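Reader: Please take one salt bridge in this model and go through its surroundings closely. I would like the contacts, the exposure of the residues and the strands next to them in one connected account.

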Amino acid sequence: MQKTIFTSLVVLAMLLYFSNISFSQVNEDSMMLAKSEEWKVQQKKGLFGLSKPVFGNYITKEVYKVDSPIIRRRSRDSASFDLEISSSGNDVDNSKYITIQKTKWYKLLLATDSTTTNAVFSIASISKEKKQTFLGKMLSKNDEDKNETLSYMRDVPGFIFTGDSSVAWEFFISNFTSGSRQNAGPFASAASISSGYLRNDNDSLFMQIYSSFSADLVLVNKHGEHLAALKFKQKPISAWIRNDLDSSCRNAIAALFAVIIAIKDF
């Protein structure tokens, strides 16, 4: 009997705890939405996969690769040799599995009527790929679907320099998958982020990867206040930034969102 009562109390405590978390989440999201407006984002994709997003009074003027050395590392993981026998004929798949690591640097310029914000960042990517060997090409009757990108992950560290502050903001986006690079499997993958932050000497914001409404990412400060949000996985893309923040913080958040949108399908 005592064990049953104890179990019931534990379950009740857990329900109260999680209901408080849910209520706090909804309340903070509601406050943020009341102090901001929803901006529909125009992605404006370029020829090479990078985008120049426009939202609110923010316009991405430039986003480009910085002329710097590319850090590249390539390793071979394994190999396979498969023979497919069917009524339509035989086919050979001789492939190798490799891991490719690259680091490239980029710059983004985000402008308003009164100021320009600069973001300098790197994309440190790790892709696992299946590549057909030279022998496989010689023996195979069908080259389709022999080369595949099995996974593609990126970490994106960088700095943001706002025109109205001498203090740089540092940001980090962890495990940022691309919405277009991974082509293995029957379905296209959506862009996603595992975690991240935006901080300077005075403020520290972290990425909460869920919300009580349609946003995929919410920026939360050390007091638990929700300051901004971004819906980026599916179209239409939307952004929210609280209008009671100081201009440096608003511009830094906008630049971070512009970086995410600019490279989400890259």
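Author: Asp-244 and Lys-35 form a salt bridge in this predicted model, with their closest N and O atoms 3.7 Å apart. That separation falls inside the cut-off, which is within 4 Å for a side-chain nitrogen of Lys or Arg and a carboxyl oxygen of Asp or Glu. Asp-244 sits in the loop between β13 (238–241) and α3 (247–263), while Lys-35 sits in the loop between α1 (2–34) and β1 (39–40), so the pair ties together parts that are 209 residues apart in sequence.

Asp-244 also has a second partner: its side chain meets that of Arg-242 in a salt bridge, at 2.8 Å from N to O. Lys-35, Arg-242 and Asp-244 are thus linked in a network of salt bridges. The exposure of these residues can be given one by one. Asp-244 is partly exposed, at 41% relative accessibility. Lys-35 is partly exposed as well, at 31%. Arg-242 is buried, with a relative accessible area of 7%; this value counts as buried because the limit is under 20%.

A further salt bridge involves β1 (39–40). Lys-40 pairs there with Glu-38, and the closest N and O atoms are 2.9 Å apart. Glu-38 is partly exposed, with a relative accessible area of 40%. The count for the model comes to six salt bridges. In general terms, side chains of opposite charge can pair when their charged atoms come close.

The strands come next. β1 and β13 run antiparallel and are joined by two bridges. Within this pairing, Lys-40 stands opposite Ser-238 in β13. Lys-40 therefore has two roles to note here: a salt bridge with Glu-38 and a place opposite Ser-238.

β13 is also joined to strand β12 (residues 226–231), by four bridges, and these two strands run antiparallel too. Ala-228 has Ile-241 as its bridge partner in β13. β12 and β13 form a hairpin, with six residues between them.

Which residues of β13 are buried on each side? Ser-238 and Trp-240 are buried on one side, and Ala-239 and Ile-241 are buried on the other, so both faces of the strand are covered. In a regular strand the side chains alternate between the two faces of the sheet.

Terms used
Residues are numbered from 1 along each chain as its sequence is written. This is a predicted model: local features need pLDDT of at least 70, side-chain atom pairs count only at pLDDT 80 or more; totals for chains, interfaces and linings use all residues. Side-chain values use heavy atoms; hydrogens and water are left out. Buried means under 20% relative accessible area, exposed over 50%, partly exposed in between (1.4 Å probe, protein chains only). Two strands pair if DSSP finds at least two bridges between them.
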